[in-house]
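Please read the following report alongside the sequence and the coordinates. It deals with model confidence, strand pairing and the burial of selected elements.

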Amino acid sequence: MGHFDLQAFLAECQQSGDKAYGALKKVLAKLQNVESRAEARRFLQEVESYVNSDQSGGDTIDAYHFRIHDLSLSGQNGNTENERKIKLLELPSIFIPEDWSFTFFEGLSRHPESGFQDRNVVELGCGNGWISIALAQRLSPRKIYGLDINPRAIKVAWINLYLNALNGDGSPIVDNEGKTLIDRVEFHDSDLLAWCKERNILLDRIVGCIPQILNPDPEAMLKMVSENASEDFLYSLSNYCGLQGFVEDQFGLGLVARAAEEGISCLRPNGAMIFNIGGRPGQAVCERLFERRGFHIQKLWQTKVNQAADTDILALVEIEKNSRHHFEFFMGRVCDEPISARTAYTYAKAGGQIAHGLSVYECRLRQPNQVKTIFKFLSEGFEKTRGALDLSFKEETVADEKIAFLAHLAQSLSQMSHFPLEFSAGSPKFRTLISGFLRNYHGIPLTPDNVAVQPSRSIVIENVLRLFSPKLALVDANLTRSLPKKWLTAMPSVKDSPAANGYHTGVEDDVTVIEAPQRTDLLTQLVKFLKPQVVVTTLASFEMQTSTAFEQLLDVTEKVNARLFLDISDHLELSSLPGTNGVLQYMASHPLPLHATIICGLVKNQVYTDLEVAFLISENQNLLSALAKTSELTCGPTAYTSQFYYGCLLHELLNFQLFDRHSHLQRLPRKEQESSGFIGFSGNAIKAIGETDVSSYQAQKAKTVDLHQEENALPTLPVVKVAVYEGYARQNIAELEMDPSPEILKLVKTLCGLSSEELVLSNSSISLFSKLVSACVEEGGTLCFPTGSNGTFISAARFLNADIKEVPTKADSKFKLTGEIVGGFLGNVNRPWLYISGPTIVPTGLVYSQAEMASILAVCKKHQARVIIDTSYSWLDHDGTSVWNLGEALGSEASACEVALLGVTSPQLLTGGIECAFAVLRSPRFVEAIRDSPNMSKPHGTWKYSVKKLLNMLENSPSELHEGLISHQKTLKQRAEELQKVLVDCGWNVIMPSSGISMVASPSAYLGKIITYEISGAAKKIQVDGKNIRDILLETTGLYLSSISWTGIPDHLRFLAEVQTI
């Protein structure tokens, strides 16, 4: 277009709104061309003068389908010297300035100017661009990006920019920095922040007057948003959009919620969002929208505006009818008492004028980097959990702790392939963090090897006493509550005996515990008189101020050859400004004597108050290794999530400190001589932890492929990670939401046909099993294991001094039990308790059918044997899931067989190293045995919430979880077949499994042969047998397998198929 023709331009505009828009687009094209810009601006000045001087009267919108006018932005102080105004072009298809936007601008004006000067700013829903232009005029930002989904609005905003950046004669308006508005402002069509996100633009301020949709139109966004759409549709973009998928949709705040979450990724750490929010949903709802996403909020401005006559609030009336929520309206702008939507609707229908609040909020992230990490995680396939996220806290210390943890958890979940099964001594990373904290904050030169982790302080104490089985132990009265009653009721003998001190010579495990006073002087006197073998105590606060009391205890216990275990749980602070105490001061300057061990239970966190983990500090290598193995036999490894949580707290305390800034000597654990004079491990403990394959205290060497540790390293599904994260992210979870008992009982009924109301939960099946073994021991029963059983469970029973008998199985039946074998064996056993692994048998991976199990249970019922059925490795069948009907086999009459069914949820829920173990009990004796045992390692409420959620999901098949389970089963079958082929080709005889994670095989081609191999540069010649083949494989190939002592099957080692792909 060459020279502008005013009359032709106006004639085109008079035809329709679309024609007017087309004519203005041609002018914009000239404005965007530097060479024709001045001419185009002069033309617009001519247009403005003509249409505003038109004597025909009426609105120029009606005549020409556009309006150009001045908008005054001056205050009401009467001062006209600094009057501010901007020129605005308005079209019918674009929302024009009204109360909402004026209130928003007033709120922005109350913000300090320094918050915008030389900053990158974005305005969401900029419309015709007047607020962006006004802010640029007043506050001199580096750049303002005006964004709007309406493409016509963006074109008009650009025209308004040129109207205000150039004088009427086309000359530029330059500010005191030599810049024009064209240098500071840009406009782009964008769905919220999409334009900035695509270009990775970081912003200092995000401002917006975003529509609140009272009745979201799901169809609206399905239409094509383009500048050629109808005027009515484009105008409706200011009032309607599709549902955003947020809980705030129900309050009309879904679009605001999405803008807030998108803004988190674009906002600089010290940046802020400023939004205009209508108060109809209620102030609490509006503020919670931001607070639960990790924002601090400040109200900049508040007023009331009349409810728009064209906005139907009937949808809000319906929400009130179906919920307890009440919206907030007012009977006019000067009324202060709110009324509900129902009352407001009725009042408005009767002709009354209703109003609602309008507030401008400034929002800043309370922990920017951590919150950004959390929302990045949620945006990468974990959106399902964002509705559960709640980062609103009354106390800053709680906020700091939980947000940091959730950020660490988000980062870890996004990176990990599966949940690891930790070592029995604890996670190496967690132990490193503990030793690092004590070294950096208290100057104690410890290493991770000086630390062992256990589930709780009470479990540590019980494991210590079981490990040593002292004839007499003094235990602080406050620490005896979780110990077995028989230990606390037995009468001690004060006579000297050969076994009173020194190493055990027998297998007796009778433990006698005397409650001890806390005061050091009284305890010292008692130790001198009674000469106990073990002392477990703590110190009062006043005694912890110096090391005197501790040194006194060290001295007196050493003189009587008593092992000292000192609990400092109440005196260790996880803080960046921790207080010290006499024990820590002593350890900083003195090696810890080998007879002394420090116990610390971590329970004093700000967020999950019942989440516990404990650790021991010792320089006694023998003790640390034995306690780690004891833990594996009594309670299983400490929960991964508990270690991870406290590890995050310690990481935050160490993260800002320079590495190795202080030089410390390292105190490595030392071996204790057998002739030390102190009590040694009990005979049962020595046999249990010394003769069987228990996961080693330290991790295997880097080149070792661990095929012994039962870790399901197959990939964890995203839906499982979502459930885990949601359990920790939510607040105020109801007790019913954290009780998976109904779902577990239903699962057991479905898979096993077993009904019961007695259910106990734990962190591991070994923990539940150990309680049943203790009951068997107290009853004087005989615990019977089939040949080819879980070696860890046999070791646990041996550790607890059970009377163990082996039920011989046959090679021709692949070492499976039969009713005939059980019947022939139980006839000669006194008070039999029978352990059965099934439906999937460990370690062979074979499966008991319903008929086989019914036959075995019938015989057990005949011989009045109590039965422990361990299903922990079941329901990963290679071809269809094995289902039992135990209810039919057991019977319901009074003489029915007594059964305890143990299991874990991880095979079905694919949770890897995170367990929720359960025991379904069908015997009063079993119920009494477990329920009367207070020292149970139980799953935390957050994990129980996740289990319940996943079990409900599993029930609704097909689901992502159900499909994932089928995929895991296929993978295990494929790996078993591949492993079988490799082993057979290498001369092994394989028992092919049909379920689960393990198989057994015999190196038949190698047995009896003499081989020579090199180790550490020297040749080694040896004859291969079933006992040494495991060590030979480890030394020559790096494969670490379960030996024949673990499988219990002559010449057969166990292989695992669920290891991580290398």
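The report begins with confidence and then turns to strands, helices and a single residue.

This is a predicted model, with a mean pLDDT of 87 for the protein and 91% of its residues at 70 or more. Two stretches fall below a pLDDT of 50, and their contacts in the model, counted beyond near neighbours in sequence, are listed here.

| Stretch | pLDDT | Contacts beyond near neighbours in sequence |
|---|---|---|
| Residues 217-225 | below 50 | 16 contacts |
| Residues 233-242 | below 50 | 35 contacts |

Towards the N terminus of the numbering, strand 1 (residues 67-72) is paired with strand 2 in the antiparallel sense, and six bridges connect them. Within this pairing, Arg-67 is placed opposite Glu-90 of strand 2. Strand 2 (residues 85-90) has five of its six residues buried, and it is therefore largely enclosed by the rest of the structure.

For residues 119-160, UniProt lists "domain: Methyltransferase" in an unreviewed entry. In the model, this span is 48% helix and 26% strand, and its end C-alpha atoms lie 22 Å apart.

An open sheet of seven strands, with mixed pairing, follows the order 10-16-15-14-13-11-12. Strand 10 (451-454) and strand 12 (513-516) stand at its edges, and because each has a single partner strand, one side of each is left without a neighbour in the sheet. On average, and with direction ignored, neighbouring strands of this sheet are turned by 25 degrees against each other. One of the pairings involves strand 13 (residues 534-538) and strand 14 (residues 563-567), which run parallel and are joined by five bridges; here Val-534 stands opposite Arg-563 of strand 14.

How far apart are the end C-alpha atoms of helix 24 (residues 640-654), and what span should its 15 residues have? The end C-alpha atoms of helix 24 are 20 Å apart, which agrees with the 21 Å that 15 residues should span at 1.5 Å a residue. Helix 24 is also mostly covered, with 13 of its 15 residues buried.

Is Ser-774 buried or exposed? This residue, found in helix 28 (residues 765-779), has a relative accessibility of 18%, so Ser-774 counts as buried, given that the cut-off for that class is under 20% relative accessible area. When its neighbours within four places in sequence are left aside, Ser-774 is in contact with Arg-466 and Leu-800.

Conventions: Residues are numbered from 1 along each chain as its sequence is written. This is a predicted model: local features need pLDDT of at least 70, side-chain atom pairs count only at pLDDT 80 or more; totals for chains, interfaces and linings use all residues. Side-chain values use heavy atoms; hydrogens and water are left out. Buried means under 20% relative accessible area, exposed over 50%, partly exposed in between (1.4 Å probe, protein chains only). Helices (H or I, at least four residues) and strands (E, at least two) are DSSP runs, numbered from the N terminus. Two strands pair if DSSP finds at least two bridges between them. pLDDT is the predictor's confidence in each residue, from 0 to 100. Contact means heavy atoms within 4.5 Å. UniProt positions are given in the numbering used here, feature names are shortened, and annotations may be inferred rather than shown by experiment. The expected span of a helix is 1.5 Å times one less than its number of residues. Axes are lines fitted to C-alpha atoms, for helices over the stretch in contact, and angles run from 0 to 180 degrees between N-to-C directions.
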